[in-house]
Amino acid sequence: MEPPDAPAQARGAPRLLLLAVLLAAHPDAQAEVRLSVPPLVEVMRGNSVILDCTPTGTHDHYMLEWFLTDRSGARPRLASAEMQGSELQVTMHDTRGRSPPYQLDSQGRLVLAEAQVGDERDYVCVVRAGAAGTAEATARLNVFAKPEATEVSPNKGTLSVMEDSAQEIATCNSRNGNPAPKITWYRNGQRLEVPVEMNPEGYMTSRTVREASGLLSLTSTLYLRLRKDDRDASFHCAAHYSLPEGRHDRLDSPTFHLTLHYPTEHVQFWVGSPSTPAGWVREGDTVQLLCRGDGSPSPEYTLFRLQDEQEEVLNVNLEGNLTLEGVTRGQSGTYGCRVEDYDAADDVQLSKTLELRVAYLDPLELSEGKVLSLPLNSSAVVNCSVHGLPTPALRWTKDSTPLGDGPMLSLSSITFDSNGTYVCEASLPTVPVLSRTQNFTLLVQGSPELKTVEIEPKADGSWREGDEVTLICSARGHPDPKLSWSQLGGSPTEPIPGRQGWVSSSLTLKVTSALSRDGISCEASNPHGNKRHVFHFGTVSPQTSQAGVAVMAVAVSVGLLLLVVAVFYCMRRKRGPCCRQRREKGAPPPGEPGLSHSGSEQPEQTGLLMGGASGGARGGSGGFGDEC
């Protein structure tokens, strides 16, 4: 009996024999063909991509084919290339209607220009190298597309926090991405962890749609149970999408807020500006009373005034504002605000009251008029009265110098220095911006007060005749005094700048001996009297400068006379020898005994003494020109 597997062994024997014969006929068939194909290729939509298929080793002849694996599993051939020698002959078979069409480059690589989402397939490369065998490899192409800007559509209705189940908050859309993005929700920047199953506290739903372009769009709707704290919360969503090489990014939507309905829990009522920290308002100001409840939407407000425990309704509105124009002291009192919120809890106090206090200050009244005239050295009391609320504080000042606090100003032993303007100022310490003033002018009547600037002699301690000096007199009094001098030439009486009530006059003159005896007097006078002052100069020395001039003139005259005598003498000496020669023409000849030295001078001296007479007798002109 044959074993059970004998028929199978009998059928396999011929095949093994055929394989042995083929191997014996092709001893180089052991060089198996291998391919270098990347298993995964990733590209952004719109970019070009190249799928590589390179046989390893050296093969003189082989056939390379590219196939596309479609969704049904079929493998249509896209292109083929045959290596003949050193060149590769390319043939395109089926472009599958792609635009732009598939291409095969000179190296047998499949080129896809402008990659689309529909290009996401498995691409199979098959190489037949004859005796070296056949090899194939698959490259997976993934195409990524960044989605459009994320859009959010919030619920624009009014959502009640009193609902005990989740309500629709917003819908988020991320369109035309690949692969499909993921959507997450955020409140105040913090991610919300909500389930996809229905839940009373919150959940979200998602729906993905493939567009005609092959891109994917995702829609997510958020449901939450809301609280009062969500009235100021900001919400937004974000679409997370993938990129090549395992990278990821996100696109955030704009933020949005919700309109919530929640009951009032607290009410506030206060005086708006202008008001002081103590709560006072000034009479005449426009005052606002402000009422606010924390419910939403804004409830209705009733504003009223309490008079004799009765409500006088003043206004009903949705803003909670009451404006009092030009408020008066008669409007002081109790004001109230009531929030008409019927959803509020029973234990919530919906009504508030406040006291409006109007501060006022009436004009001041003085016991004296605007001008008060008093005699010198007298006394007086001036009273300042005022009415105001709260109680005013009074202060007296003169020339911004404080004199004292209180309504009464006491003036005693007044002098001319007491002249001036006195101010009574009333202020409200708790209302700093409210104050009033009243003033009066004090005029002190009296005879003049006189002041002089004493004269000082020169450095040598005495006055000399002809010295110039300026005398100054100052006076004050009421009425203003007039100044006069005992000598003419004084300047007019004029006020002194910067010295209130003072007038002055000056006189410029030369010192004489008469002033030393009598002096110069200055007198100040007004209807109440006069005062006089005499300026004395003491001893006045004669003017030495004139005696010196006379001596100098005498000296010059004597000098001129001596100069004339000297000139005359010199001229006579020059004339002497000429005259002798004329007289000595009859003298003895040379060789006779001459005169002695002393004797030779005798005629010259005689001629000098006599020349004036002889010359005058001969010449008739009184000169000596005839002799010389």
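C291 is buried, with a relative accessible area of 0%. In this predicted model, that cysteine is bonded to C337 in a disulfide whose sulfur atoms lie 1.7 Å apart. The two partners come from distant parts of the chain: C291 belongs to strand β24 (residues 287-293) and C337 to strand β28 (residues 333-340), with their positions 46 residues apart in the numbering. C337 is likewise buried, its relative accessible area being 0%. The torsion about the S-S bond of C291 and C337 is about -75°, and the disulfide is therefore left-handed.

This link belongs to a wider set, for a search of the whole structure finds five disulfides. When the bonded cysteines of the chain are numbered in sequence order, the pairing reads 1-2, 3-4, 5-6, 7-8, 9-10. One of the five joins C53 to C125, with an S to S distance of 1.8 Å. Here too the bond connects distant parts of the chain, 72 residues apart: C53 sits in the loop between β3 and β4 (54-56), whereas C125 is in strand β10 (residues 122-128). A torsion of -75° about the S-S bond makes the link of C53 and C125 left-handed. C53 counts as buried because its relative accessibility is 1%, a value under the 20% limit for that class. C125 counts as buried at 0% relative accessibility.

A further disulfide is formed by C384 and C424, whose sulfur atoms are 2.2 Å apart. It ties strand β32 (residues 380-385), which holds C384, to strand β37 (residues 420-428), which holds C424, and the two cysteines are 40 residues apart. The link of C384 and C424 is left-handed, with -90° about the S-S bond, and both C384 and C424 are buried.

Strand β3, which precedes the loop of C53, leads to a description of sheet pairing. Three strands form an open sheet in the order β3-β9-β8, with antiparallel pairing. Its edge strands are β3 (49-51) and β8 (103-104), each of which pairs on one side only. Three bridges join β3 to strand β9 (residues 110-112), and these two strands run antiparallel. Within this arrangement, V49 stands opposite L112 in β9.

The backbone also deserves attention in several loops. A cis peptide bond with omega of about -5° joins L389 and P390, and P390 is placed in the loop between β33 (388-389) and β34 (393-398). Another cis peptide bond, also with omega of about -5°, joins H478 and P479; P479 lies in the loop between β40 (468-478) and β41 (482-485).

Positive phi values occur at residues other than glycine. For E245, phi is near 65°, and the residue is found in the loop between β19 (235-243) and β20 (247-252). E245 is exposed, as its relative accessible area is 68%. For D399, phi is near 55°, and this residue has its place in the loop between β34 and β35 (401-405). D399 is exposed because its relative accessible area is 53%, which is over the 50% limit for that class.

Where, finally, is V196 found? Its place is the loop between β16 (190-191) and β17 (202-210). V196 counts as exposed, at 55% relative accessibility. The C-alpha atoms of V196 and L222 are separated by 9.5 Å, and the two residues are 26 residues apart along the chain.

Terms used: Residues are numbered from 1 along each chain as its sequence is written. This is a predicted model: local features need pLDDT of at least 70, side-chain atom pairs count only at pLDDT 80 or more; totals for chains, interfaces and linings use all residues. Side-chain values use heavy atoms; hydrogens and water are left out. Helices (H or I, at least four residues) and strands (E, at least two) are DSSP runs, numbered from the N terminus. Buried means under 20% relative accessible area, exposed over 50%, partly exposed in between (1.4 Å probe, protein chains only). Two strands pair if DSSP finds at least two bridges between them. A disulfide is a pair of cysteine sulfur atoms within 2.5 Å.
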